[in-house]
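Grab your viewer and work through a few short exercises. Each one sets a task and then walks through a solution.

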Amino acid sequence: MGSDMDQPTRMAKGALRGVAEFLWPQRSLVSGQRGVGKGPLTASEFAAIGFLSDPVCNTCGRPMELDLGPEAQCAACIARPPRWDRARAALIYDAASRRIVLDLKRSGRRDGLRTMTGWMHRAGANLIAEADMIIPVPLHYTRLVSRGFNQSAWLGQGIAREAGLPCRVDLLKRKRRTPTQGNLSAKARHRNVAGAFSISPRAATLIDGKRLLLVDDVLTTGATLSACTRALKRAGARQVDVLVLARVVRETDVTI
């Protein structure tokens, strides 16, 4: 009987969604045009985006030409392992995906968040399954006030809701406001964020022994994520994995 009573409600909600889609048709995440179809991308836009899937480096998530097994590492990670344990990305950051990333990062466009976090969940399913807690990369409080949002927190909270995990935006702090990383070399990026993140003693008790999933929008040189990982592991984190919406693969795409 309960399901029969719920049927009119479901029908009403479906009708409202139909009216909303008619009045405010979905915008493409790439072109920004409305009325592109049922999804957030046209068929040609979807085909142009580089979705990342195996084989990838188990440590940094960079695509690999040959499938050498789930634990395989790229040459760069073998030579100089990053601070984090494993990293995954949903997309390659390039001309096809740039609009998606920058509209979220700089303009605070939220209508595609469910789609983006779905892509990230698919790319990082193994990491999410092992995580105790999700930690988004924080902004300095002055930048958060001036911008009004933290896109990494939006992504982390979306993944947390789908996975049923806690997402804590208050444990990892950016204690020093750093200049933007755009146009900086890899070495300069690492110097720029060195010592910029911290964990309070109270927060350390919640992190100690935990397997953490660090969430950000883009992995470029890894400087910011390395600095965050260092702070989390110094506070006692047992494991720190990284999950991002997009990652740079070619050096020409580093400037973000």
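Is R99 buried, partly exposed or exposed? R99 counts as partly exposed because its relative accessibility is 35%, where buried means under 20% relative accessible area, exposed over 50% and partly exposed in between (1.4 Å probe, protein chains only).

Before going on, a word on the ground rules. This is a predicted model, so local features need pLDDT of at least 70 and side-chain atom pairs count only at pLDDT 80 or more, while totals for chains, interfaces and linings use all residues. Residues are numbered from 1 along each chain as its sequence is written, and side-chain values use heavy atoms, with hydrogens and water left out.

**Exercise 1. Find the salt-bridge partner of R99 and follow the network.**

Step 1: Apply the criterion, a side-chain nitrogen of Lys or Arg within 4 Å of a carboxyl oxygen of Asp or Glu. The partner turns out to be D103, with the closest N and O atoms 2.7 Å apart.

Step 2: Check the spacing. D103 and R99 are 4 residues apart in helix α4 (residues 98–105), so about one helical turn separates them. Helices here are DSSP runs (H or I, at least four residues), strands are E runs of at least two, and both are numbered from the N terminus.

Step 3: Look at burial and extend. D103 is buried, at a relative accessible area of 14%. Salt bridges link R99, D103, R109 and D111 into a network.

**Exercise 2. Pick out salt bridges that tie distant parts of the chain together.**

Step 1: Start from the total, which is 9 salt bridges in the whole structure.

Step 2: Take E130 and R86, whose side chains meet at 2.9 Å, N to O. This pair links distant parts of the chain: E130 belongs to helix α6 (residues 125–130) and R86 to strand β1 (residues 86–93), 44 residues apart. E130 is partly exposed at 32%, whereas R86 is buried at 14%.

Step 3: Now take K105 and D217, with closest N and O atoms 3.0 Å apart. Here K105 in helix α4 meets D217 in strand β5, 112 residues away along the chain. K105 is partly exposed at 21%, while D217 is buried at 1%.

**Exercise 3. Describe the surroundings of strand β5.**

Step 1: Check burial. Of the 9 residues of β5 (residues 211–219), 8 are buried, so the rest of the structure largely encloses this strand.

Step 2: Find the paired strands, using at least two DSSP bridges as the cut-off. Strand β2 (residues 133–136) pairs with β5 in the parallel sense over 4 bridges, with I134 opposite L213. Strand β6 (residues 239–248) also runs parallel to β5, over 8 bridges, and there V215 stands opposite L243.

**Exercise 4. Work out what surrounds the ring of W154.**

Step 1: Search for ring partners among Phe, Tyr and Trp (six-membered ring), with centres within 6.5 Å; planes under 30 degrees apart are stacked, over 60 edge-to-face and the rest tilted. F149 and W154 come out stacked, at 4.9 Å centre to centre and 15 degrees between the planes.

Step 2: Check accessibility. F149 is buried at 10%, and W154 is buried at 13%.

Step 3: Add charges, requiring NZ of Lys or CZ of Arg within 6 Å of the ring centre and within 35 degrees of the ring normal. The charged end of R110 sits over the W154 ring, 4.3 Å from its centre. R147 lies over the face of F149, at 4.6 Å from the ring centre.
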